Amino acid sequence: MQTSTARRQRERRNGAARRSGGTNAGRGIAIALPLLLFASFLVLGSMGFAAAVGAYSSFSRDLPDPKALLENLTFNQETTVYDRTGKVQLATFAQEKRQVVEFDQIPGILVDATTAIEDKSFWENAGFDPLGIARAAISSTGGASSITQQLVRARLLPESAFAGSVYERKIKEIIQSIRLTQEYPGEEGKQRIMALYLNQNFYGNNSYGVKAAARSYFGVTDLTKLTLAQAAILAAIPQSPSDYDLVANAVEKEAADGKTQLVVPPDATIVVRRNHVLELMKARSVLTGAQYTEADYEKAKSEPVVLAAQTAPRWRAPHFVWQVRRELAKILCGPDAGQDCQQIDTGGYKVVTTLDWNMQKAAEKWSNAAGRGPVQKKPATYYKALKVPYRDWLKNMEGKGVNNAAITSIDYRTGQVLAHTGSAGYYLSGKSKKFQPQFDVMADGWRQPGSAFKPINYITGIEDGTLTAASMFMDVVTDFGGGWTPTDADRMERGPLRLRQALQVSLNIPAIKAAAYNGVDHVLQTARRFGIRFQDGVDPGLSVAIGTAEVHMNDLASAYGAIANGGVLVPRTTILKVTDPQGNTIWPVPGTKAKTTKVVSPQAAFIMTDILASNTDPAKNPFWSARRLTNAAGTRRPAALKTGTTDATIDLTAAGFVAPPKDKKKPAIVTVAWMGNSDNSAPPEGVVALESAASLWQEFMNEVTKSLPIADFVEPKGIVSAKVDAWSGLLPGPGTTKTVTEIFIDGTVPTKRDDTKTEVEIDSATGDLWQEGCTGPMEKETFLDLSNVESAFPQWKPFNLGWIKRAEKGAGVRGGPERTPTSYFYQSGGWMPFGASWGAEMPPSDKCEPMPEETLFPTDDWLDPGTDPGATQEPFPWDTPAPAATPPVP
């Protein structure tokens with residue numbers, strides 16, 4: 001919406017008092033004769049302009065200094081947004097289409113055309129044309145205003161000058177024009193006045209200034225490229241921009257190539273006026289002189305007026321540009337400003353953004369492919385047009401009901417947003433609520449991060465020192481209150497395992513138990529320190545651990561970036577530099593730096609990074625590592641990755657980052673990829689993030705990192721290593737069968753030895769618990785004892801004991817609140833890095849039966865009568881070896 005000032009200025013430029021011909025001859029003479037008398041007086045006293053002006057002191061008394069006004073004169077200009085190179089234009093913000101030009105950027109033919117039709121004595125007159133006033137008085141046609149007068153009326157008269165009669169205003173206009181010409185004498189002064197005039201004029205089609213008009217009508221961005229005919233018609237428009245608007249006068253015609261063109265008919269009034277301008281230029285063209293011949297002018301008269309396509313120019317990276325506008329509003333209009341900050345649309349700023357255009361094109365391509373390709377009738381054709389290979393994971397998405405995808409990518413060392421798509425395609429058509437192309441899912445949407453939130457939960461305890469990567473949890477379905485009995489994604493129960501394992505394969509139950517140890521409020525507080533915002537009044541309870549609290553995906557990207565950046569959060573930004581029309585830097589303010597926040601220690605951040613990086617290492621995670629990153633030669637690139645699949649697969653998320661390059665000029669990239677539906681509806685066919693969003697993340701990251709050198713994550717000081725029991729995470733004890741080397745923050749290495757295994761007396765004959773009188777001999781064996789784990793939460797113990805009872809029978813035994821089966825780690829797909837074990841054998845539950853006294857024979861009399869003592873006897877049942885246990889595959 002235009003401001004009142006803008007409307008007022010436009011009225012000044014184009015009002016009826018300006019040059020419209022009066023139909024009332026008496027009124028025209030009444031106005032023109034006094035002006036003629038005044039002008040004549042001034043001419044007669046041309047040797048003393050000061051005296052002439054003094055004679056009319058009552059008119060000039062309240063007029064401001066025209067030089068002071070002109071020196072501070074500004075135009076409403078378009079603000080232009082560029083990529084990080086300052087070369088790729090992304091968008092413009094404007095109330096009016098205008099680009100200010102200097103006189104030396106304006107070709108002579110355009111100036112000559114303007115003076116020919118507007119003010120033929122411009123280069124010689126004193127700011128007004130007394131002969132023109134006389135002609136106007138005699139003919140009663142009006143049109144006596146010089147170019148200088150028109151500029152004065154538009155910008156150099158106070159509001160009070162428009163309150164009186166037209167006669168009074170004309171007098172003041174002439175006085176100001178004379179004063180202005182005196183202040184800016186000679187050819188240089190005239191050039192400045194001409195440039196201001198051509199920048200000020202309205203040319204119709206919402207185009208202000210001659211450069212905007214040339215671009216709008218003819219697609220010409222360099223005024224020196226205008227043809228003679230185009231220059232003449234532009235000069236002809238300002239007399240009545242609404243009537244002479246070329247688009248309004250054009251008709252559609254089919255061109256030779258079959259395409260439709262906008263053409264202004266040769267008999268249109270504006271074309272007739274153009275030809276009149278060309279005729280006038282023959283007689284007087286001060287700047288171009290004899291450059292054009294009679295034939296040139298005649299040829300120009302017959303040149304068709306063909307307009308450029310008038311479709312509104314599309315923004316590049318439109319979702320990103322909206323984020324730029326938000327940040328720019330805060331820079332120009334204060335921290336509480338909204339997007340309606342008027343200075344954005346009028347200030348003519350040049351905004352160089354953080355966007356990497358090549359990365360943005362990759363993000364748009366892959367977002368489109370993942371979000372819209374699978375729903376096409378002919379996906380293969382669609383991918384071919386996008387120049388995207390028809391991957392198996394894309395085929396797998398067909399028919400799954402997922403309609404949208406988006407990516408945001410940040411340099412986590414600087415906070416600079418490198419690429420951002422808020423949907424699968426801003427300008428794509430959305431025929432259902434499942435795909436709303438212009439809504440920014442990543443910046444404005446509230447989405448559940450699912451398991452992608454787990455690193456924030458776990459790092460809370462690691463930073464506090466209450467948890468380590470070796471902390472043990474019982475992966476057992478438990479009632480956490482109110483009958484809430486969440487399961488892992490594959491509905492298995494793996495019993496004792498360490499935090500690293502739990503996060504590595506994204507188990508839900510250990511994460512929920514970790515949140516109980518940390519405290520829900522403490523986890524939310526940590527998340528906020530990581531820059532994650534939540535909706536007002538959020539209270540997810542323990543489910544916060546599995547990402548049920550909705551967040552903005554952009555915030556999640558910044559949080560992962562803080563983990564990658566050694567625990568330091570760098571504020572997210574979309575703008576590198578803002579300059580005003582004179583080239584002065586408005587932002588950043590010299591001497592200021594973005595305020596960074598140390599969220600967690602470098603040691604806690606590294607431990608979390610190390611766990612997440614194992615997900616892309618085939619030696620450590622054969623499932624997630626299918627989404628590993630490689631360079632062009634196929635060498636694996638160290639990268640951290642975590643996925644998140646929410647309940648009913650509504651939100652599918654993948655978040656991860658690469659190690660920072662040694663060269664700090666190169667980007668250290670963190671990326672979040674999302675897939676789902678705009679309306680939060682669940683896809684009819686189940687799909688998990690590892691098969692969807694993680695593949696999207698992989699495709700994008702492989703493409704944008706291919707030119708980066710391979711780097712690895714560097715361990716900071718304050719990290720120590722120690723061997724621990726592979727299941728309990730405690731120091732190895734007498735019963736430890738396998739160990740792993742784990743990393744710790746110095747001072748958090750466990751001091752307690754493994755106590756989850758204990759020696760039990762066993763009857764070697766039966767394998768049952770020993771008691772006196774059994775067959776024997778008695779032996780001591782080490783067995784698993786999990787009866788006292790997680791003692792801080794006694795309410796969990798019945799569920800742990802229930803699992804232990806079932807686990808005594810082996811893997812695959814169902815039970816518990818959700819009838820879930822026992823399982824080894826990890827077992828799905830046959831991957832069991834620590835074998836078919838929970839760390840030791842389960843102790844027997846039965847005691848051996850003591851032998852009756854009469855069966856303890858000292859001689860061979862116990863043999864059956866008539867039996868040869870040397871004959872072979874059938875063994876007793878307890879002598880029969882038990883068959884080897886074979887764990888069932890779930």
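## Close-up views around strand 19

**View 1. The whole protein, a predicted model, has 30 helices and 25 strands.** Here helices (H or I, at least four residues) and strands (E, at least two) are DSSP runs, numbered from the N terminus. In this predicted model, local features need pLDDT of at least 70, side-chain atom pairs count only at pLDDT 80 or more, and totals for chains, interfaces and linings use all residues. Residues are numbered from 1 along each chain as its sequence is written, and side-chain values use heavy atoms, with hydrogens and water left out. Of the 890 residues, 53% count as buried, meaning under 20% relative accessible area (1.4 Å probe, protein chains only).

**View 2. Strand 19 spans residues 669–676 and is largely enclosed by the rest of the structure, because eight of its eight residues are buried.** Follow the side chains along the strand: I669, T671, A673 and M675 point one way. V670, V672, W674 and G676 point the other way, and the residues of both sets are buried.

**View 3. Strand 7 (residues 404–411) pairs with strand 19 in the antiparallel sense.** Eight bridges join these two strands; a pair is called when DSSP finds at least two bridges between the strands. For a handy landmark, look for I410, which stands opposite V670 of strand 19.

**View 4. Strand 18 (residues 651–658) is also an antiparallel partner of strand 19.** The pairing of strand 18 with strand 19 runs over seven bridges. V670 is a good place to start here too: this strand 19 residue is the bridge partner of F657.

Note on methods: Buried < 20%, exposed > 50% of the residue type's maximum accessible area, 1.4 Å probe, protein only.
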